[in-house]
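Here are some informal notes to read alongside the structure. They cover strand pairing first and core packing after that.

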Amino acid sequence: MILKNFVNHVRTVLPEHIELSDVDIWFQDETRIGQQGSITRVWHYCGQRPRVVRQQQFESAYLFGAFCPSNGNSVGLVLPYVNKQAMQLHMQHISKEVPEGRHAVVVMDGALWHQADLNLHNVTMLKLPPYSPELNPSEQIWQYLKQHDLSNRCFDGYDAIVDAACVAWNRLRVQLELIRSITFRAWSIVC
């Protein structure tokens, strides 16, 4: 799916003194990782059904992630909650990764904790239309991460969940070409 007139949407949220040539587009989202995690396909002997254990406990953590398709950079935080304070912390971390003289437009969904007053001097939010997760490539990043690192797992508790999320994130974030290939959208090029 394509977000029509994306450049115009970017212009409406940008501070007046920022030129489009100085803008990097980032995609941001959060995902829950926990004891009632994902079950995915597994290899097994032909003709036999594999056993995969699924936990019934409810402990979880949240992985905040932001991805820049133009250079493959990513910023992630594992936090116990999703709320405005957690989002503010994530925006501050994104701000630290934006090179001097550049401005990040962070494309995200319209969650309650995604509030415009969290914009920083070099980071501006751009909200997607309601009910359009297919426009956010971060969803495909979470799918990849869960299929390759976080599914079919049992976690002893919160610390084990955080450790697994950190290991999975650190394994992903060094794969710049993979991040670029998953998050690139032709319609998101602003200049």
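1. Start at Phe27: its opposite number in strand E4 is Val107. Keep in mind while looking at this pair that the model is predicted. The strands involved, E1 (residues 23-34) and E4 (residues 103-108), run parallel to each other and are joined over 5 bridges.

2. Phe27 also has a bridge partner in E2, namely Phe67. Here the pairing sense is antiparallel, with 8 bridges between E1 and E2. So much for the neighbours of E1; is the strand itself mostly covered or mostly open? Mostly covered: 11 of the 12 residues in E1 are buried.

3. Phe67 turns up again in the packing. The largest nonpolar core has 19 residues, and Phe67, Trp142, Leu145 and Leu172 are the members that touch the most others in it. As a general point, nonpolar side chains in soluble globular proteins tend to be buried together.

4. Which elements build that core? At least two residues each come from strand E2 (60-67), helix H3 (138-150), helix H4 (158-173) and helix H5 (176-183). H4 gives the largest share, with 7 residues.

5. Leu145 is a good residue to click on next. Leaving aside residues up to four places away in sequence, Leu145 touches Leu63, Leu150, Ala168 and Leu172.

6. Don't stop at one core, though. There is a second, separate one of 18 residues, and Ala66, Leu77, Ala86 and Val98 are among them.

Methods:
Residues numbered from 1 in each chain as written. Predicted model: local features only at pLDDT ≥ 70, side-chain atom pairs only at ≥ 80, totals over all residues. Heavy atoms only, no water. Core = buried A, V, L, I, M, F, W, Y, C linked by side-chain atoms within 4.5 Å. Buried < 20%, exposed > 50% of the residue type's maximum accessible area, 1.4 Å probe, protein only. Helix = DSSP H or I, 4+ residues; strand = E, 2+ residues; numbered from the N terminus. Contact = heavy atoms within 4.5 Å. Pairing = 2+ DSSP bridges.
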